[in-house]
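Biologist: Could you take me through the ligand site in close detail? I'd like to hear what sits around the ligand and which atoms come up against it.

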Amino acid sequence: MRLVLVGPPGAGKGTQAALLAQRYGIPAISTGDIFRANVKGGTPLGLKAQEYMNAGALVPDSVTNAMVKDRLAQADVADGFLLDGYPRNPEQAAQLDTMLEQLGTALDAVLEITADADVVTQRLLRRAELEGRADDTAEVIQERLRVYAEATAPVAQFYARRGLLTQVDGIGEVADVTERIATALDAR
Ligand code: B4P
């Protein structure tokens, strides 16, 4: 299974990606997690990504696309993967097409987890208290939501036109959302 997970910040992408990866036995590839690990490790990639992430902006496509291309070339994704947080704009979606074409494969489905701006803002502010992520401040959350509407929402439409998109309501208990996703995937 080759899946893409999209949704506004705080919709539950990272949360559901971990559960779905376990359930379907495929690796979850989170561009946000890879960037955060690099920031923590103080690598050149991390140093480059940090300022964009802290401002709620997208890390430049050249950096992000090269990183995903490397990751998709690794052996553990040969039988399937779940991309969490990539592609995040139409240019990245076009690049992903090229990468998959070169690998002789294609996506099976794109899942959009939906949730209101109010709900996701509350979730992220709660996470800020627990984890202290630099991009979970009220001001940066607002900017991430703006970037989502402007750059990432068109990605969902792009996949909808291809008949690949399935929308799942992200409001409710985590386990209930996972079941909704599994049911939606089974129905495809
Ligand atoms: P991400 O790491 O993808 O962060 P996110 O969009 O905020 O989602 P996240 O996965 O963390 O949160 P989730 O909804 O799971 O990106 C961070 C930054 O990295 C971006 O702003 C950008 O700068 C950069 N970046 C990443 N990918 C990029 C790309 N492709 N191109 C360019 N830049 C890129 O969960 C949020 C919270 O909600 C959690 O605390 C969770 O516990 C809670 N939650 C989840 N489900 C819930 C539920 N059902 N009920 C209650 N709470 C729930």
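Modeller: Let's start at G172: a polar backbone atom of this residue is 2.8 Å from a nitrogen atom of the ligand. Bear in mind that this is a predicted model, so treat the distances as computed values. Q92 also lines up with a ligand nitrogen, this time through its side chain, with a polar atom 2.9 Å away. Over at T15 the partner is an oxygen atom of the ligand, and a backbone N or O atom lies 3.2 Å from it. As for burial, the ligand on its own has 990 Å² of accessible area, and the protein covers 89% of that. The ligand sits in the largest pocket, too.

Now the wider shell. There are 30 residues around the ligand, and the ones that come nearest are G12, G14, T31, A57 and R144. Several helices feed into this shell: α1 (13-24), α2 (31-41) and α6 (117-131) each supply at least two residues. Of the helices and strands, α2 gives the most, with four residues.

If you zoom out to the sheet, you'll find five strands in an open arrangement, ordered β2-β3-β1-β4-β5, with parallel pairing. The edges are β2 (28-30) and β5 (165-169), each pairing on one side only. Neighbouring strands are turned by 20 degrees against each other on average, ignoring direction. Further in, β1 (residues 2-6) and β3 (residues 81-84) run parallel over four bridges, and V4 stands opposite L83 of β3.

Methods:
Residues numbered from 1 in each chain as written. Predicted model: local features only at pLDDT ≥ 70, side-chain atom pairs only at ≥ 80, totals over all residues. Heavy atoms only, no water. Pairing = 2+ DSSP bridges. Axes fitted to C-alpha atoms, helices over the stretch in contact; angles between N-to-C directions. Near = heavy atom within 4 Å. Polar contact = N/O pair within 3.5 Å; in protein donor to acceptor, adjacent residues only side chain to side chain. Areas by Shrake-Rupley, 256 points an atom, 1.4 Å probe, with all protein chains shown as cover. 1 Å grid on protein atoms, 1.4 Å probe; cavity = no way out; pocket = protein on both sides within 12 Å on 5 of 7 lines; lining within 4 Å. Sits in = over half its atoms within 2 Å of the grid points.
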